[in-house]
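Let's take a walk through this structure together, one stop at a time. Keep the 3D view open so you can follow along.

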Amino acid sequence: FSTSTYNKMWTDAQKDLDIQLRREREEFLQPEKDRGKAFKMLAVSYIKYMQIFRKLETAHDQLIHQQKRTMIRQVLDGVMGRILEMKKEMVELENSEFHYIDNILEDLKLLPEEVEVPIPRYFVKDKLEVLQQREKILDQILLNAGLQTEKPVKATTFEEDVKMIPVAERASQGRCQEAFMKQIYHEEKRERQTKHEVQTGPSPDDAATRIQKVWRGYIQRKKTEKMREEEMIFLGMILPPHLRAMSISQTHAGQANALQGEVRARHEEVSIKDKLRETEGLDIKETLQDQIGQCFIECRHILGKFPDYPNKEAGGSTAILSQKTPEQVAAELALKREMALQKKAQKEKKEKGKEKSKEKKTQKTGKKVSVPADEGWKMAPSNFLSIMEEGNSQYKAVWQNRDEGWDFLQDHDPELIKEEKREEVEEEIRVQVDELMQQKLENLKLAVDGEKSGKQKKGRKSEKVRAAMMSLAHRTIESLYEELAEEGLLIKAKTVNLSDYVGKYSYLGTTLRQVDVEPVPSPADVRQLIALYGILPLGSQTVHERAPVAKALLLAGPAGVGKKMLVHAICTETGANLFDLSASNVAGKYPGKNGLQMMLHMVLKVAKQLQPSVVWIGDTEKIFSKAVQKAEEEMNPKRLEKMLPKFLKALKAQDRVLLVGTTNRPFDANLKPFCKVYQKIILIPRPDYASRFGKYFKRFLLWKHIILRNGGEITDLLNISCLAKVSDGFTQGQIVQAVQAVLSDLRLLQMTRKPLRTAELMTALARQDPVYKEEEETFK
């Protein structure tokens, strides 16, 4: 039964997490002076957390029990955030975004796949209906605007139909006549052979030789096929037979997953929250009103007047119902003011001390003040350890020793849900009670004390801001969404997964660094960074708010290495909207400074409201170029340069919006403002890696993957080894273009009777220019 398997997986993950948390409390508290030892300690923890992450993600996706999934989700978000925190520490220790830990993996007896970042499936599954509905709306908007066309349905006239029928009939009769004549020819040939054999008589030696020839040829072909299959399995180019047989079981597993999704949806429809609101809502409301009214009376008795009702930012009635007297509250406020004044005085003293030390240094010639010795590396405080520890303790208290042998249907536990939902119901009712009691308090003040509640006057600054954006204030998100789509600023992302960026792990990274050679990043390294910096923060609100997150990401590399594909992959894996603010796309739209501000405000408003969102800027070096070329003066690419920092500043921790730039000429940009905007820069190389066999083997896999993905068939007439050797220096995009140029619709229809040949693909590839070593060195 699959549920027991995934329950065991969850149990194992929780045990590993418990050990890891204990290890963190013991090892990471002490400073470590040896940076190499500190990095190894971090890398081991990073790998352990990645293993826990993979188990929790699988258990969360496969288990049906909704309360278990909620529990796993909390721990899963904590583990994701902790992985990002460790990644930040590893980058600071090595001063590099790319890490090569193959020696640590070898010590732990693990495969490189263990550090591949899994993409949580709940990012898209939990909001699948919303995404499908949004996609339909976007398709309709683009269709109405003429930016997207439906597949034409060819309608023929009556005259054309009349002409087509006899043509088809003649073709059918021709095929029948051909088959009939072929049959007659074979019968006549058979008769001639039998007549000749009757006249001369068959020779026993000739017959035996013929039988031996056929049999030996058949046996040798079988042996050769078997040897070739064993060789390909050994090289890892095809799967072993027992793994190929698993495709049937994988199909059944997919059907089971679909059924599980239906059961989960049915469980989620059970709304205990509504029942709680009906049964206990009235009692909660009356209790809150009585408590707040009693607080009003006590406060007036002590202070001689009614208190001011706290606003929503201060917590509303929660601040009134805190178990403290008004005197205690006043004392706390006074203490906070004193603490703030003390901190301010300490800061001023420190600044004065720094100024004095600088003056002393300038007065002394040749002498420097001694700097205290480095205490060593120490792990920074974590925002996620408390989340993981809380989840771990809840698991031990509720689920660890729970007997579920009776729960065959994996149904929900009503009592556990009531405990969770009661607080939510109470909070919702509290908001309603606050509105009623605030009005009641104003009436009491007017009736008893003869006071009117004074409303705060709005400052001039807010009035100015409101006046500036008044034109957009009355607009709905739907209308802004439609306008951006019609202007071509909101585009439809292609359905591309991160796993489609094909490439294996580089095994020579550690060896090359030992001889002071910086290795070229492999596709596996690029996939890892895209998942960590792009997908995980956009997919999880908890991770985005608490983890060290980059607001802007730059993908740099030669043309055709897959930069745009990775942008679309981020959107596909997270269900994000895609905004295109490339200089070529923005040219001529929303002219002037006010128009540009209006455009960015619209993008920001829609991106925040319908988060997660990705804002993509293609050829982003043009915005920061040192000098604009004459051909691009009309496009005015530099108009966004001063506005991008303000755009990023407007993004808060709770806004899951990521700015992604792509460039194939980053060295043309003015580096100071360029690097100020893009906090993370990822180099994406062409498919050319450390060893000769390694780069050949990876190009082999690339050719095979692209041909099969575009509908081609691989036969003995297609020499992929030759293509892999010839394509050294060409990018993934150029290989894709060559394959797509050959595999047209007509060529795919001819595939059964005319198999694909090597020369066809080589001819298409030869029409393109490879990436030369000089350009590659410039990128490095």
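Find Pro612 in the loop that runs between α24 (592-609) and β4. Keep in mind that you're looking at a predicted model. The peptide bond leading from Gln611 into Pro612 is cis, and its omega is near 5 degrees.

Now follow the chain into β4 and look at the sheet around it. Six strands make up this open sheet, and their order is β1-β3-β4-β5-β2-β6, with mixed pairing. So what does pairing involve? In general, strands in a sheet are held to each other through backbone hydrogen bonds, and they can run either parallel or antiparallel. Here, the edges of the sheet are β1 (490-491) and β6 (680-683), each of which has a pairing on one side only. For β1, a partner is β3 (residues 577-580): the two pair in the antiparallel sense, over two bridges. If you want to see one of the residue pairs up close, pick Ile491, whose bridge partner in β3 is Leu578.

The sheet has a helix packed on it, too. That's α22, and it touches β2 (552-556), β3, β4 and β5. Compare the direction of α22 with that of β4 and you get an angle of about 170 degrees.

Next, let's look at a pocket. The second largest one has a volume of about 970 Å³. Its lining is made of 33 residues, and the closest to the centre are Gly562, Lys564, Met565, Gly733 and Val736. Several elements give two or more residues to this lining, among them α22 (563-574), β4 (613-618) and β5 (657-663), as well as α27 (692-709) and α29 (732-742). Which element gives the most? That would be α29, with five residues. As for chemistry, the lining holds 10 nonpolar, 16 polar and seven charged residues. And where does the pocket sit? Domain 4 (477-683) and domain 5 (689-779) both give residues to the lining, so the pocket lies between them.

Two more stops lie at lower residue numbers. Asn95 sits in the loop between α3 (66-94) and α4 (102-107). Asn95 isn't a glycine, and yet its phi is positive, at about 55 degrees.

Finally, go to Gln51 in helix α2 (residues 35-62). Gln51 and Leu17 are 34 residues apart in sequence, while their C-alpha atoms are 9.8 Å apart in space. Which residues does Gln51 contact once you leave aside its neighbours within four places in sequence? They are Leu110 and Glu114.

Methods
Residues numbered from 1 in each chain as written. Predicted model: local features only at pLDDT ≥ 70, side-chain atom pairs only at ≥ 80, totals over all residues. Heavy atoms only, no water. 1 Å grid on protein atoms, 1.4 Å probe; cavity = no way out; pocket = protein on both sides within 12 Å on 5 of 7 lines; lining within 4 Å. Points joined across faces, edges and corners; volume = space filled by probe spheres on them. Helix = DSSP H or I, 4+ residues; strand = E, 2+ residues; numbered from the N terminus. Nonpolar A, V, L, I, M, F, W, Y, C, P; charged D, E, K, R; others polar. Domains from an automatic or database assignment. Pairing = 2+ DSSP bridges. Contact = heavy atoms within 4.5 Å. Axes fitted to C-alpha atoms, helices over the stretch in contact; angles between N-to-C directions.
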